[in-house]
Amino acid sequence: MLTLRSSPPSPFGRKVKIAAAVLGLSDRIQVVKTDTTNPDDAIRGLNPLGKIPTLEFDSGATLFDSRVILEYLDHLAGGGRIIPADPAERFAVLRLQALADGLMDAALLQIYEVRLRAEDKRDAGWLANQAGKVERALKALEDAPPSSRIDVGTIAVACALGYLDLRFEGRWRADHPKLVEWLDAFRAQTPAYDATRAPA
């Protein structure tokens, strides 16, 4: 049995849960709700960075960073399932994942700035810089929507868009009709997308 330390709103934790479902591994993973802001939470002993998601083995060993965990899950499922073996396909998929992960990072940093910093201490320029990363990533994805294949790249994109729906009221949708259509298709094809949706 594996233990996934995560939190329902985490788009990176959601990546792992969706990948596990796609690979038929969900029944081998127990999800434990984790509070990274609580100094008494076990996460700091399992991952020196105190970050989620973290995957824990019965032996006490851990893996962290969603990209590393997804690679392990793909290996566990036989390999080549969500990370293609062919180099050209593999690096295209990994590049897409990196773009989506960067979008999620920039979105999360905007939320942290507002939630964790007093209003008079917030840096408007820094917030605008993070928002610009999100906007440019969305434009790149709208100009070249992902394929219909379910892989680490498309899972990451779906989770990034889901996070924008959760925390930014889905404002991205109005200017990105191709991405809306793509996400609707991903959602229909991947039941785990709705099953892992965090409560608003």
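**Note on salt bridges, helix α1 and the main pocket**

1. E169 and R171 are both exposed (over 50% relative accessible area; buried is under 20%, partly exposed in between; 1.4 Å probe, protein chains only). The model is predicted: local features need pLDDT of at least 70 and side-chain atom pairs count only at pLDDT 80 or more, while totals for chains, interfaces and linings use all residues. Residues are numbered from 1 along each chain as its sequence is written, and side-chain values use heavy atoms, with hydrogens and water left out.

2. The side chains of E169 and R171 form a salt bridge (a side-chain nitrogen of Lys or Arg within 4 Å of a carboxyl oxygen of Asp or Glu) at 3.2 Å, N to O. E169 sits in the loop between α6 and α7 (177-189) (helices, H or I, at least four residues, and strands, E, at least two, are DSSP runs numbered from the N terminus). Its relative accessible area is 68%, so E169 counts as exposed. E169 is not a glycine, yet it has a positive phi of about 55 degrees.

3. Which residue does R173 pair with in a salt bridge? The partner is D165, and the closest N and O atoms are 2.8 Å apart. R173 counts as partly exposed because its relative accessibility is 30%.

4. In total, the structure holds 13 salt bridges. One of them joins the side chains of E71 and R90, at 3.5 Å from N to O. E71 belongs to helix α3 and R90 to helix α4, so this pair ties together parts that are 19 residues apart in sequence. With a relative accessibility of 42%, E71 counts as partly exposed; R90, at 24%, also counts as partly exposed.

5. Salt bridges also link K15, D65, R67 and D101 in a network. D65 lies in the loop between β4 (62-64) and α3. D65 has a positive phi of about 85 degrees although it is not a glycine. At 33% relative accessibility, D65 counts as partly exposed.

6. Helix α1 is mostly covered, with 10 of its 12 residues buried. Among them are P11, F12, K15 and I18. The buried residues of α1 pack (heavy atoms within 4.5 Å) against β1 (2-6), β2 (29-33), α3 (66-76), α4 (87-116), α6 (152-167) and α8 (191-195). The length of α1 (residues 11-22) can be checked: at 1.5 Å times one less than its number of residues, it should span 16 Å, and its end C-alpha atoms are 16 Å apart, which agrees. Just after α1, G24 takes a positive phi of about 75 degrees.

7. The largest pocket (on a 1 Å grid over the protein atoms alone, an open set of points with protein on both sides within 12 Å along at least five of seven lines) has a volume (the space filled by probe spheres set on the points, which are joined across faces, edges and corners) of about 900 Å³. Its lining (residues with an atom within 4 Å of a point) has 29 residues, and S10, T36, I52, L108 and Y112 lie nearest the centre. The elements giving two or more residues to this lining are α1, α3, α4 and α6. α4 supplies the largest share, 8 residues. By class, the lining has 13 nonpolar (Ala, Val, Leu, Ile, Met, Phe, Trp, Tyr, Cys, Pro), 8 charged (Asp, Glu, Lys, Arg) and 8 polar residues (the others, Gly among them).

8. The peptide bond from I52 to P53 is cis, with omega near 0 degrees. P53 is found in the loop between α2 (43-46) and β3 (54-56).

Methods
On a 1 Å grid over the protein atoms alone, a cavity is a set of points where a 1.4 Å probe fits but cannot get out, and a pocket is an open set with protein on both sides within 12 Å along at least five of seven lines; lining residues have an atom within 4 Å of a point.
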